[in-house]
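Work through these exercises with the model open. Try each task before you read its solution.

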Amino acid sequence: MADARLRRMRFVLGRTWPVLCSVLLLPGCGGESGEAQSAPAARAASSLPPPGTESRQDVFDLRQIGVNEGSVMTAAIGVVDFSDFGCIYCANFHNADYPALHDEFVTSGDVLWKYVPISIGGFPNGDLAGLTGICADEIGRTEGFARMRDHLFVQREEWLASPPDGAREVFVSYAEELGFDPDAFTACLDGEAASARLTRNNNVAHQVGVTATPTFIVQGSPVRGAPPLADFQNVLRRLVAESRGDPLPTGDPAGAGPGAPDA
């Protein structure tokens with residue numbers, strides 16, 4: 001039942017909405033280099049297909065990657081969040097904006113947020129950071145992963161600066177600090193399962209065209225870089241309302257219909 005529900009949430013590429021045109025392609029951390037990228041201008045609304053026009057859709061099975069936050073059974077829409085723990089834009093988003101989005105949309109049951117830790121940015125100790133997040137999920141499930149994710153972003157500068165031969169002990173110390181069993185955590189870091197999960201996450205990121213982090217797939221539309229919080233909230237409010245058949249939010253500047261303002 002849960003898998004069937006997730007399939008209906010349209011985690012596909014190729015669908016576009018004029019409402020998203022003003023927040024596409026924002027600055028992010030560049031893949032393979034770890035450096036910031038300036039994004040090209042977003043497409044104008046007039047370049048998007050008219051309502052009802054079918055466009056090519058590349059479908060990817062995302063059920064076997066990432067960590068789900070929220071309820072598959074109640075969510076109206078889905079957001080897939082490809083993030084690298086070493087990326088400053090990812091850290092800024094999750095430290096400053098994600099708590100508000102989580103409280104409004106995830107806790108309420110309106111949005112299923114699928115966080116996918118990847119390590120394609122070439123950051124020092126980036127693979128170990130990704131494995132640490134995955135092991136937190138393996139041992140502590142979603143709650144454990146969320147605590148470790150927050151900690152890795154807060155301690156980002158420390159572990160990025162750690163020498164390679166001492167980084168593993170740094171990540172194990174984070175696990176101990178957060179209440180994970182250090183032996184179980186070390187075994188997970190050294191095991192094949194976590195490594196296979198990280199490799200799968202990275203492969204899917206490449207397949208869907210992630211070239212900078214964070215990259216979000218918001219109900220099928222790719223958004224590179226974290227939009228301003230108010231823009232992200234307005235987009236999600238509108239998509240949730242549309243999915244549930246509710247009136248569009250009052251005062252939403254995107255709520256005027258298909259002719260959203262040009263970017």
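**Exercise 1. Decide whether histidine 151 is buried or exposed, then place it and find its contacts.**

Solution. This is a predicted model.
- Step 1: The relative accessible area of histidine 151 is 10%. The cut-off for buried is under 20%, so histidine 151 is buried.
- Step 2: Histidine 151 sits in helix H3, residues 126-154.
- Step 3: Set aside the neighbours within four places in sequence; histidine 151 then contacts Tyr174, Glu177 and Leu178.

**Exercise 2. Work out how strand S7 is covered on its two faces.**

Solution.
- Step 1: S7 spans residues 111-118, and eight of its eight residues are buried.
- Step 2: In a regular strand, side chains alternate between the two faces of the sheet.
- Step 3: One side of S7 carries Val111, Trp113, Tyr115 and Pro117, all buried. The other side carries Leu112, Lys114, Val116 and Ile118, also all buried.

**Exercise 3. Find which strands pair with S7, and in which direction they run.**

Solution.
- Step 1: Strand S5 (residues 67-69) is joined to S7 by three bridges, and the two run antiparallel. Valine 67 has tyrosine 115 of S7 as its bridge partner.
- Step 2: Strand S6 (residues 77-84) is joined to S7 by eight bridges, and this pair runs parallel. Here valine 80 stands opposite lysine 114 of S7.
- Step 3: Trace the chain from S6 to S7. It passes through helix H2 (residues 88-106), and this β-α-β crossover is right-handed.

**Exercise 4. Locate salt bridges that tie separate parts of the chain together.**

Solution.
- Step 1: The count of salt bridges is eight.
- Step 2: Glutamate 104 and arginine 237 meet through their side chains at 2.7 Å, N to O. Glutamate 104 is in H2 and arginine 237 in helix H8 (residues 229-244), so the bridge ties parts 133 residues apart in sequence. Glutamate 104 is partly exposed at 27%, and arginine 237 is partly exposed at 30%.
- Step 3: Aspartate 110 and arginine 244 form a salt bridge at 3.0 Å, N to O. Aspartate 110 lies in the loop between H2 and S7 and arginine 244 in H8, so parts 134 residues apart are tied.
- Step 4: Arginine 197 and glutamate 138 form a salt bridge at 3.0 Å, N to O. Arginine 197 belongs to helix H7 (residues 192-207) and glutamate 138 to H3, so this pair ties parts 59 residues apart. Arginine 197 is buried at 13%, whereas glutamate 138 is partly exposed at 33%.

Note on methods. Residues numbered from 1 in each chain as written. Predicted model: local features only at pLDDT ≥ 70, side-chain atom pairs only at ≥ 80, totals over all residues. Heavy atoms only, no water. Helix = DSSP H or I, 4+ residues; strand = E, 2+ residues; numbered from the N terminus. Buried < 20%, exposed > 50% of the residue type's maximum accessible area, 1.4 Å probe, protein only. Contact = heavy atoms within 4.5 Å. Pairing = 2+ DSSP bridges. Right-handed = clockwise from strand over helix to strand, strands pointing away. Salt bridge = Lys/Arg side-chain N within 4 Å of Asp/Glu carboxyl O.
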